[in-house]
Amino acid sequence: MIKTYEGHEIFYKRMKEKGIRSWNEYSRVKYPEILAETKRFLSDTLAQPWAPKGGRVVELGCGTGPILRWICKRDFSGLGIDVCKTAIAMAKDQSKGLDVKFKRADLCRVNVERIGKFDLAIDGKCLHCIAGADDRKKFLKNSLKLLKKGGLFIVMTMCSPVNRKLLSVGRENWKFINHTHYIPWDKASKFEDYVTINGRAYLPTRKVPHWKSILSEIRNAGFKILMFRYCEPTKQEPCGDLSVAALA
Ligand SMILES: C[S@@+](CC[C@H](N)C(=O)[O-])C[C@H]1O[C@@H](n2cnc3c(N)ncnc32)[C@H](O)[C@@H]1O
C-alpha cells in the first residue's frame, strides 16, 4: 500500500509536466508562490528579539522550496524535507547556486536524529496534510527533535472554523467530517489511510482542527508558544489560517 502523503506526488508530476514551479501556483485560485501573509508572518516573527538572526533552517514539507529559498536570502543556510520525489527534484533544480539542500523523507516516519539540529524549523503548510492523530503527534515530536534547545518553530497551517458553503464549491463530492477533508477517488483504496463511505473509497487529504486545538497540539508536543495569528476564512479561502511561533 502507498503511504497516504505520497498522494501529493501525483500533483507534483502534473506541475512538472505543465511547467508550474510551486504548489501555490498550482492552486485553483492563482496565488503567488509565497503568499504576502506568509512573508509578513515570517518577517514579523524573525524581527522579534527571541528569534534567531541566522544559522540553520529546516523546512518541513518544502515542496519545490520557495519558502526555504526566501528565508535563505537572509543569514540562514537551509535543508528542505519533503515526502515527494518529484518535488525534491524540482526544488533542487530551482535552487542551483544557493546554499540549500533537499532530502526526501516522510516526516512522520523518518529518524530525525541523523539529520542534525537547527536554529529554525518552518512547517511549510505540511501539518494540515497530516490527518491521523498519531501521525500529527509524530510530526510535531520530530519538529521538536530537529531544533536546538531554544530554537524557533514556525507553523503555518489551515484551521477551523471553515466556511462550509465555500468549501463545497467545486468539491461537491468531497466529505468534511470531524475536521477532515476526504476526497473521493477511484485509486484511493491503494493508499494506507483510505476510508469507505457509502461504498465509495475516499482519501483523507487535509486536517483542519479548530485553531485553539492546534495551539494545544503544539503546546502538548513540548513547545512554548510566544506569538500566533489567526485569520478567519476569506471570500476566496474556505478555511481559517493559523500561524504560530514557538520555542523548543
Ligand atoms: C501545501 S504543500 C506546500 C509546499 C511548500 N511548502 C510550498 O509552500 O510551496 C505541503 C507539502 O507537504 C508535503 N508533505 C505532506 N505530508 C508530508 C510528510 N508526511 N512528510 C514530508 N512531507 C510531507 C507535501 O508533499 C507538500 O509538498
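The legends below describe close-up views of a predicted model, in which local features need pLDDT of at least 70, side-chain atom pairs count only at pLDDT 80 or more, and totals for chains, interfaces and linings use all residues. Residues are numbered from 1 along each chain as its sequence is written, and side-chain values use heavy atoms, with hydrogens and water left out.

**View 1. The shell around the ligand.** The ligand is surrounded by 21 residues (each with a heavy atom within 4 Å of it), and the closest are Tyr12, Glu59, Gly61, Asp82 and Gly124. Sorted by class, with Gly counted as polar, this shell holds 13 nonpolar, four polar and four charged residues.

**View 2. Polar contacts of the ligand.** In these pairs of N or O atoms within 3.5 Å, the side chain of Asp82 places an N or O atom 2.7 Å from an oxygen atom of the ligand. A nitrogen atom of the ligand lies 2.9 Å from an N or O atom in the side chain of Asp106, and a ligand nitrogen is also 2.9 Å from a polar backbone atom of Leu107. Of the 590 Å² of accessible area that the ligand has on its own (Shrake-Rupley method, 1.4 Å probe), the protein covers 97%.

**View 3. Strands β2 and β3.** Strand β2 (residues 76–82) pairs with strand β3 (residues 100–104) in the parallel sense over five bridges, where strands are DSSP runs (E, at least two residues) and helices are runs of H or I with at least four residues, and pairing requires at least two DSSP bridges. Within this pairing, Ile81 stands opposite Lys103 in β3.

Conventions:
A polar contact is a pair of N or O atoms within 3.5 Å; within protein, one must be able to donate a hydrogen and the other to accept it, and residues adjacent in sequence count only if both atoms are side-chain atoms.
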